[in-house]
Amino acid sequence: MAISTSTFLSDVVIFIRDLLRTNVTDPIGRTNGVGFVMTAFPKRQTQYPLITIKSIGLDSKKLGMSSEANMVSIELETRVWARNSKECDTLTQKVINTLRSNQYGTNSTDVEEIHGFELLSSTPVTEEEGDNTIHSNVLTFAYKVILS
């Protein structure tokens, strides 16, 4: 999959989603067609734990006065949704390790020309109290893509 100038935003999100699908193991090993790693928050049936990813912003700068190329910085929100805090922490660490360790080599972000991995923030969120509490962690990442 190559990053296209005309569809770079969705290409980056889908590549990162697929990278997480390939490298983060589903703790419950579902076979019922319900996804584990998805883009945005799904409108279809969900089963926890799950990981969602979406674009939350971008910034573009020209790479020189006479250049048509731009350096685009893309911010992505990856959110881990889990049944308890231990599962949330474990999956959060796996997401961070996967994105951090797949910057170079075969099937890496660098091969796809997605550069400069940065973890900008990690914010734990508990939606409500009680026995059926869903725990989550909101991770904000940034990557850079050169578009010409």
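**A walk through the sheet and its helices**

Okay, let's start with one pairing: Thr123 has Val138 as its bridge partner in β5. Keep in mind that this is a predicted model. Thr123 belongs to strand β4, residues 115-126, and β4 pairs with β5 in the antiparallel sense over 9 bridges. Another pair here is His115, whose bridge partner in β5 is Lys144.

Now over to β3, residues 70-82. That strand is also antiparallel to β5, with 13 bridges joining the two. And Val138 turns up again, as the β5 partner of Arg79. As for β5 itself, residues 135-147, it's mostly covered, with 11 of its 13 residues buried.

So what does the whole sheet look like? It's an open sheet of 5 strands, in the order β1-β2-β3-β5-β4, and the pairing is mixed. β1 and β4 are at the edges with a single partner strand each, so each has one side without a neighbour in the sheet. On average, neighbouring strands are turned by 25 degrees against each other, ignoring direction.

Next, the helices. α1 packs on the sheet, where it touches β1, β2, β3 and β5, and its direction makes about 145 degrees with that of β2. The buried residues of α1 include Phe8, Val12, Phe15 and Leu19. Among the elements covering the buried residues of α1 are β2, β3 and also α2.

How far apart are the end C-alpha atoms of α1? They're 22 Å apart, and that agrees with the 22 Å its 16 residues should span at 1.5 Å a residue.

Last one: α2 lies across β2, β3, β4 and β5, and runs at about 10 degrees to β5.

Note on methods. Residues numbered from 1 in each chain as written. Predicted model: local features only at pLDDT ≥ 70, side-chain atom pairs only at ≥ 80, totals over all residues. Heavy atoms only, no water. Buried < 20%, exposed > 50% of the residue type's maximum accessible area, 1.4 Å probe, protein only. Helix = DSSP H or I, 4+ residues; strand = E, 2+ residues; numbered from the N terminus. Pairing = 2+ DSSP bridges. Expected span 1.5 Å × (residues − 1). Contact = heavy atoms within 4.5 Å. Axes fitted to C-alpha atoms, helices over the stretch in contact; angles between N-to-C directions.
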